[in-house]
Every structure is written in C-alpha cells, then in structure tokens.
Amino acid sequence: MRFALDDEQREFGRTLGRMLSAADTPAAVRAWARGDHGPGLAVWERLARAGVFGLAVPEAFGGAGPLPVEAAVAFTELGRHAVPGPVVETAAVSVLLARLAEAGRPVLAEAWLPRVCDGGARVTAALPGAPGGSPYALDADVCDGVFVAPGGPDDLFLATGHGPVQPSLDPARRLALPRCGAEPVAAGRAVREAARLAADWAAFATAAQVLGVGLALLERTVGYVRQRKQFGVPVGAFQAVKHRLADVRVGLEFAGPLVYGAAVALAAGRPGAGAEVAAAKAAASDAAYAGARAALQLHGAIGYTAEYDLSLWLGKARALRSAWGTPAGCRARTLDLFFL
C-alpha cells in the first residue's frame, strides 16, 4: 500500500499556495486584527471559489466531501499563509449539520450548507460540551450564523447575538461569548453525537493548520539565517543553529503523517478516529510551538517586532496550540480512547 498524496491532491495544495501567495495574506491578517474584514473576506471568496469550504460538505448539499485528506492539504496551506477567519469552525459547522441531516434532520443543512460552500454565508461554532470545545466563538462579529452546542441537555442553538469581542494571543483571532435564543434549533442525542464529530473535525483541521504554521516558520527562519551574517559568515553555517532547525524539522516531519493518518481515520469512520485526531493535534501543536521558539530566538531582536511579518505566525502558533484541545488534553484523550 502506498501512503502518499496523489498528483491531484498535491496539485490542489500547490494551486492554493500560489493563490494565497498572490493574495497578500499578511496585509489581510493585519487588517482583520484591526476589525477591518474587507481584505480577509476577499481571500475568503477566493477560497470558496477554489472549493475549500465544500471539502467537509456532502455532495447532496453542494459540496464535494467529506474529503478529510484534501481538507488536510487545504488547511495546511491556510496555516502556511496565516489565513484569517473562522475557517476551522466553518468545517466544524459543516460536519455538524451534515451529521444531523444523516440522522434525519436535514432542515438546517439544506438552509445553510449550500451557502457555506459558495461563500455566501459565514458560520462559526462554540461547542463547550464537546472534547476540546470552548464557550467562545471565533469571529462571531463577522459571521451570519453562530452555532452553539453547550452540552448538558442535547440542544443546538443558533446565537441571537454575542458579547464584546475579545483579543487573543493571535490578534487576528477575535473571540466572543455567543448569546443563545430561548429555543434550540435541534435537540436530542443526535445533537450530542454530531457535536462530538464536529469537534473532532475542528481539532483535525486545527492540527493541519498549525502544521502549516510550523512549516512557514521553519521556511522563514531558514531563509533568514542564510542571509544574516556574523563574523563574516551566515549564522546558518553554525552547528548549533543547524541542530536547532533540524530538531524543528524532525518534529514537523513526525507530525505530518499523524495529521494525514487522522484524515484517513475520519474518512473511514473508524471508531478510534478521535484518538488519532488527538494525537495529531498534540504532535502538530508541539512541533509548531518549537518552531516558533526557534524562529523567535534565531531572528534575534527583530523577531520581537510586531511590524515584522514573522509575528503573524508566532502569534498563530501560540493561539492554535490550545485551540480545540491543548496538547496535554489531547494526549490524555489519546490514552483514554486507546486503552479504555
């Protein structure tokens, strides 16, 4: 058996990479952090035309999925280019509504998913009752729908508003507490099961995204140490620098197969898919965080400068490390699911 992306999947990743490189995503990220969503939404429209939002949506609702492997390719590129917005949460909502449709409750999927696929509707989620979930919703102020599954009673709400927008470790990740209506839009055991699967997809997509962030940090740092000179030679020629970057590369190379292994498990619907997702999220988060620390130290004082684009990836690596499951929580979940 050959465990590798096929030519079409690799070309999909390259096409997304070229598109995002031309979109000037650093400028869009800085604008998003200021509350100016225009440039980021222009990127969002490009992603919709490229089919990114249809990867978690079944064909019956206008998508092409669910295609977890292709989603891993896409979200790695989104992380590599620091794309702002609730891209992970969009996938989670898509999975949530599609699973409810499978359980005989298609109304929400029919109303929302075709518009999600073509970029006509932006959605986000708060799933505090699911593994790795949080009561906060990402970018609620720019979304048309905020879906909330608080746990306890098996209810799903569509938020009627949200509280003040709060900054996070990544200035472009803007969080708010949603306010739920009095009546749920769906209820019952199917909601609980759908929310758990949606949270698994969110953790999986975040793992791919943070893997892309780590790869970007490594690429930028390697390029910098090749140019920066000390004692008349590039600092990248020093053995200590080579070893530090080699350690980062090993961590990312180890995390990559775990992310794609989780994608295969989700595609097959394996009972242990949640454990594989948790393992991938822990490994990718740790690898990217190690890459961020190395990047900051090897860039020297300029690495601390907010005006330098490196800071966009540094903040994202730190914020995504705990989004949809901390490394410690993911490792504990992996052990629980594998050995219980």
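In which helix is the place of Asp247? Select residues 239-268: this is helix α8, and Asp247 is part of that run. The model on screen is predicted.

**Asp247**

Show the side chain of Asp247 and the surface around it. Asp247 counts as exposed because its relative accessibility is 57%, over the 50% cut-off. Next, add Ala290 and draw a C-alpha to C-alpha distance from Asp247: the two are 8.6 Å apart in space and 43 residues apart in sequence.

**Strands β1, β3 and β4**

Select residues 123-126, strand β1. Val123 and Ala125 lie on one side of β1, Thr124 and Ala126 on the other, and all of them are buried. In a regular strand, side chains alternate between the two faces of the sheet.

Add residues 145-148, strand β3, which runs parallel to β1 and is joined to β1 by four bridges. Two positions help to set the register: Val123 is opposite Gly145, and Thr124 has Val146 as its bridge partner. From β3, Gly145 and Phe147 point one way while Val146 and Val148 point the other, and all are buried.

Now extend the selection to residues 155-162, strand β4, which pairs with β3 in the antiparallel sense over two bridges. Val148 in β3 has Phe157 in β4 as its bridge partner. The hairpin of β3 and β4 has six residues between the strands, and in this hairpin Gly151 takes a positive phi near 85 degrees.

**Aromatic pairs**

How many aromatic pairs does the structure hold? There are three. One of them is Trp112 with Phe147, an edge-to-face pair with 5.5 Å centre to centre and 80 degrees between the planes. This pair links distant parts of the chain, 35 residues apart: Trp112 is in helix α6 (residues 107-117) and Phe147 in strand β3. Trp112 is buried, with a relative accessible area of 10%, and Phe147 is also buried, at 0%.

**Thr206**

Move to helix α7, residues 189-227, and pick Thr206. Is Thr206 buried or exposed? Thr206 counts as buried because its relative accessibility is 1%, under the 20% cut-off. Leaving aside residues up to four places away in sequence, Thr206 touches Val88, Lys281, Leu320, Ala323 and Trp324.

**Charges over rings**

Two arginines complete the tour. Select Arg220 with Trp313: the charged end of Arg220 sits over the ring of Trp313, 4.1 Å from the centre of that ring. Then select Arg321 with Tyr289: Arg321 lies over the face of Tyr289, at 4.3 Å from the ring centre.

Note on methods: Residues are numbered from 1 along each chain as its sequence is written. This is a predicted model: local features need pLDDT of at least 70, side-chain atom pairs count only at pLDDT 80 or more; totals for chains, interfaces and linings use all residues. Side-chain values use heavy atoms; hydrogens and water are left out. Buried means under 20% relative accessible area, exposed over 50%, partly exposed in between (1.4 Å probe, protein chains only). Two strands pair if DSSP finds at least two bridges between them. Contact means heavy atoms within 4.5 Å. Rings of Phe, Tyr and Trp (its six-membered ring) pair if their centres lie within 6.5 Å; planes under 30 degrees apart count as stacked, over 60 as edge-to-face and the rest as tilted. A charge sits over a ring if NZ of Lys or CZ of Arg is within 6 Å of the ring centre and within 35 degrees of the ring normal.
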